[in-house]
Amino acid sequence: EISCVTGVQTCALPILELQGRALAPVTADTDNISFLVGTQSLKSTNFVYIVNLDEDTGQLNKRVLKHSAGEVWGLDPSPTDPALFLSTYGQKTASSWSKKAAVWKIPSNKSSTDLDERNVASVELVTDLSTIAADGEMVGSLFQPNDQTKLALAVGDKLSLVDIGDGTVPSKVWESQHTVRGQTRIETLRWNPHRACHQVSSVCGSQIISWDTRSGEKAWSINLTSGSAIRTLDFNPNKQYFLASGGDDGSISIWDSRQPSQPLTTTREHSHWVWSVRFNSFHDQLLLSSGSDSRVLLHSQASLSSEPFRQTLEDDETSQERILDDGVVQTFFDHEDSVYTAEWSVADPWTFASLSYDGRLVIGHVPKPIKYKILNLN
């Protein structure tokens with residue numbers, strides 16, 4: 001156990017003995033502040049950590065499991081079963097290195113909090129996805145948020161919807177190609193949580209394409225006019241047409257997919273590549289971003305949120321008051337290396353985690369004045 005000081009905005013923990021870039025909230029665990037973290041090492045055995053923050057005691061508890069298949073590039077927990085997760089991983093052989101993906105199960109009743117490999121249990125293979133992957137580099141895989149038997153799989157410049165059923169024999173439902181001149185690989189994927197999750201978006205170069213998962217046909221697309229490569233995107237959970245993107249020029253843009261020619265707003269607060277941008281699931285005026293400049297930023301985009309104003313009563317007259325002004329609310333300087341991932345907790349809307357490449361995990365909190373202002377507790 002590691003003690004976090006309660007009442008502070010962040011708690012920085014050198015929790016990984018190896019470098020890492022994969023971090024994800026445990027989606028199915030809505031009662032606990034829980035995250036999955038993966039290590040990325042070519043020379044050593046890799047591990048997956050299950051990290052839980054006890055809100056009452058401030059203790060950070062971790063469970064360590066071997067991920068012997070290879071270095072972890074991406075993690076995606078099951079939307080309904082906290083014991084299942086997807087990993088995209090790099091596997092090294094005597095003569096080659098390749099990326100693969102698989103569904104894994106966390107073993108029950110086996111626990112370890114240290115890295116004595118003799119005592120550490122291994123994650124258990126459920127479904128090997130490389131068996132249905134086409135030629136090309138494995139990019140990533142994500143569970144469909146409302147159906148853990150379906151997932152999106154990106155290999156090279158091709159995107160597939162895969163049905164894993166009971167996990168024994170995965171099958172490809174459809175496959176589409178995201179073709180951009182000069183680009184041979186999809187960069188990232190993101191599910192649209194609206195309309196029963198019938199859309200999944202892929203990024204290739206400076207283009208975003210959203211695909212209809214019922215047919216594999218293109219639903220809409222966005223082309224970044226600056227030509228800067230997009231590294232990350234996320235959908236506003238409370239406004240169905242709004243999404244955010246971040247990329248190599250350090251900017252973050254908010255888009256309306258019905259008006260794809262120009263972003264609604266663009267800000268450039270990062271001084272290097274933006275690797276992660278995430279809307280708060282409960283209070284969508286809050287946006288979390290991280291990048292290669294070693295910083296984590298908490299933004300307010302209240303003017304484009306689902307609740308930009310609150311009703312106030314003054315002198316027997318009702319008026320509207322803006323909850324927050326747009327702009328950077330807080331900058332966190334807890335990292336010393338590139339921050340590849342920053343994610344909100346599923347259980348607590350005021351808590352997030354960020355992971356830098358040197359293995360430092362930071363548990364952060366929305367500053368209390370901002371929290372109280374959103375909750376109208378001033």
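**Exercise 1.** Which residues point one way from β17, and which the other way?

*Solution.* In this predicted model, Gln207, Ile209 and Trp211 point one way from β17, while Ile208, Ser210 and Asp212 point the other way. Residues on both sides are buried. The next step is to take the strand as a whole: six of the six residues of β17, which spans residues 207-212, are buried, so the strand is largely enclosed by the rest of the structure.

**Exercise 2.** Determine how β17 pairs with β16 and with β18, and locate the glycines with positive phi in the two hairpins.

*Solution.* Begin with β16, which pairs with β17 in the antiparallel sense over six bridges; within this pairing, Gln199 stands opposite Asp212 of β17. The hairpin of β16 and β17 has two residues between the strands, and Gly205 takes a positive phi near 65 degrees there. Turn then to β18 (residues 217-223), which runs antiparallel to β17 and is joined to it by six bridges, with Gln207 standing opposite Asn223 in β18. In the hairpin of β17 and β18, four residues lie between the strands, and Gly216 has a positive phi near 80 degrees.

**Exercise 3.** Is His194 buried or exposed, and which residues is it in contact with beyond its neighbours within four places in sequence?

*Solution.* First place the residue: His194 belongs to the loop between β15 (188-192) and β16 (199-204). Its relative accessible area is 14%, and because the cut-off for a buried residue is under 20%, His194 counts as buried. When neighbours within four places in sequence are set aside, His194 is in contact with Asn236, Pro237, Asn238, Lys239 and Gln240. For Asn236 there is a further detail, in that its backbone oxygen lies 2.8 Å from a polar atom of the His194 side chain.

**Exercise 4.** Which residues does Thr30 touch, not counting residues up to four places away in sequence?

*Solution.* Thr30 sits in the loop between β3 (20-25) and β4 (33-39), and, with residues up to four places away not counted, it touches Val346 and Ala347. A C-alpha to C-alpha comparison adds to this picture: Thr30 and Asp348 are 318 residues apart in sequence, yet 8.4 Å apart in space.

**Exercise 5.** Which residues make the nonpolar surface patch of about 270 Å²?

*Solution.* The patch is made by Tyr372, Leu375 and Leu377. Of these, Leu375 is found in the segment after α1 (368-374), and its relative accessibility of 37% makes it partly exposed.

Technical notes:
Residues numbered from 1 in each chain as written. Predicted model: local features only at pLDDT ≥ 70, side-chain atom pairs only at ≥ 80, totals over all residues. Heavy atoms only, no water. Buried < 20%, exposed > 50% of the residue type's maximum accessible area, 1.4 Å probe, protein only. Polar contact = N/O pair within 3.5 Å; in protein donor to acceptor, adjacent residues only side chain to side chain. Contact = heavy atoms within 4.5 Å. Pairing = 2+ DSSP bridges. Patch = residues over 30% accessible without salt bridge, like charges linked within 9 Å, V, L, I, M, F, W, Y side chains within 5 Å. Areas by Shrake-Rupley, 256 points an atom, 1.4 Å probe, with all protein chains shown as cover. Salt bridge = Lys/Arg side-chain N within 4 Å of Asp/Glu carboxyl O.
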